[in-house]
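Visitor: Hi, I have a new structure open and would like some help reading it. Could we go through it together?
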Amino acid sequence: MGGIATRTLGLAITLWAAAGAAQARTSWASGTAVYADLCLTVDHEPVGHRVTLRRSPMGDTLIYEAALTGPVQAGTVRVDAASKALAFTVDSDGHTLRFTGTLTVEALTGVLEDDTGARPVRLSRILRAHPDAACPDERTGSLEVGR
């Protein structure tokens, strides 16, 4: 076999092996995902939450941040790669906060529970932080149809 044919065959085998390895990987093994709804109200008050999940073969870490508190690393993090279920517990200023929910490509949804009770949460996945973003308008009332 000539030199060019041997190199072509070698390249083909390498590409085939790489494609097989890529197909064999069925779970999210590593990377960082940020989910947040942090924004500023009309009065320039910060509101919302941010969850930063770092997945690694060495273990998962999660940083939780509320608008009026600094970032806190979660003591307990459980991620089920098959069902995309996420549960974590954070201790901040003597209070325990618990979250159970589901990760998707678009959002983190679930229930956030603390001393005041449980409430539903939906945090959009973000690619870039916008620290001074204004909160979306909150409109109440109803639209009158047929007037």
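Visitor: Let me start with two rings: are Phe88 and Phe99 buried or exposed?

Guide: Both Phe88 and Phe99 are buried, and please keep in mind from the start that this is a predicted model.

Visitor: How are those two rings arranged, and where do they sit?

Guide: Phe88 and Phe99 form a stacked aromatic pair, with 5.2 Å from centre to centre and 20° between the planes. The pair links distant parts of the chain, since Phe88 belongs to strand E8 while Phe99 belongs to strand E9 (residues 95–103), eleven residues apart.

Visitor: How many aromatic pairs are there in the structure?

Guide: The structure holds two aromatic pairs. Besides the stacked one, there is the pair of Tyr64 and Phe88, whose ring centres are 6.2 Å apart and whose planes meet at 40°, so this pair is tilted. Tyr64 lies in strand E5 (residues 61–66) and Phe88 in strand E8, which places them 24 residues apart and again links distant parts of the chain. Tyr64 is buried, as is Phe88, and the ring pairs link Tyr64, Phe88 and Phe99 into a cluster.

Visitor: OK, stepping back, how many helices and strands does the protein chain have?

Guide: The protein chain has one helix and eleven strands. If you read along the sequence, the pattern is α-β-β-β-β-β-β-β-β-β-β-β, so that the helix comes before the strands.

Visitor: And what order do the strands take in the sheet?

Guide: There is an open sheet of nine strands, in the order E6-E5-E4-E1-E11-E10-E9-E8-E7, and the pairing is antiparallel. Strand E6 (72–73) and strand E7 (76–80) stand at the edges, where each has a single partner strand, so one side of each is left without a neighbour in the sheet.

Visitor: What holds neighbouring strands together, in general?

Guide: Strands of a sheet pair through backbone hydrogen bonds, and the pairing can be either parallel or antiparallel.

Visitor: Can we look at E11, then? How many bridges join it to E10?

Guide: Eight bridges join strand E10 (residues 107–114) to E11, and the two run antiparallel. E10 and E11 form a hairpin with two residues between them, and if you want a place to look, Thr109 stands opposite Arg122 in E11.

Visitor: What about E1, how does it pair with E11?

Guide: Strand E1 (residues 31–36) pairs with strand E11 (residues 117–126) in the antiparallel sense, over three bridges. To follow this pairing on the model, find Ala36, whose bridge partner in E11 is Ser124.

Visitor: Changing topic: how many disulfides does a search of the whole structure find?

Guide: A search of the whole structure finds one disulfide, and it joins Cys39 to Cys135, with 2.0 Å from S to S. This pair links distant parts of the chain, with Cys39 in strand E2 (residues 39–40) and Cys135 in the segment after E11, 96 residues apart.

Visitor: Why is that disulfide right-handed?

Guide: The torsion about the S-S bond of Cys39 and Cys135 is about 90°, and the disulfide is therefore right-handed.

Visitor: Are its two cysteines, Cys39 and Cys135, buried or exposed?

Guide: Cys39 has 11% relative accessibility and so counts as buried, and Cys135, at 16%, counts as buried too. The reasoning rests on a cut-off, because buried means under 20% relative accessible area.

Visitor: And Arg55, buried or exposed?

Guide: Arg55 is buried, with a relative accessible area of 13%, and you will find it in strand E4 (residues 49–55). Its side chain is joined to that of Asp60 by a polar contact of 2.9 Å.

Visitor: One more residue: where is Ala81?

Guide: Ala81 has its place in the loop between E7 and strand E8 (85–92), and with 25% relative accessibility it counts as partly exposed. The C-alpha atoms of Ala81 and Leu103 are separated by 9.5 Å, although the two residues are 22 apart along the chain.

Visitor: Last thing, what share of the residues count as buried overall?

Guide: Of the 147 residues of the protein chain, 22% count as buried. The protein chain exposes about 10500 Å², and carbon and sulfur atoms supply 57% of that area.

Technical notes:
Residues numbered from 1 in each chain as written. Predicted model: local features only at pLDDT ≥ 70, side-chain atom pairs only at ≥ 80, totals over all residues. Heavy atoms only, no water. Pairing = 2+ DSSP bridges. Helix = DSSP H or I, 4+ residues; strand = E, 2+ residues; numbered from the N terminus. Disulfide = S-S within 2.5 Å. Buried < 20%, exposed > 50% of the residue type's maximum accessible area, 1.4 Å probe, protein only. Polar contact = N/O pair within 3.5 Å; in protein donor to acceptor, adjacent residues only side chain to side chain. Areas by Shrake-Rupley, 256 points an atom, 1.4 Å probe, with all protein chains shown as cover. Phe/Tyr/Trp six-rings, centres within 6.5 Å; stacked < 30°, edge-to-face > 60°.
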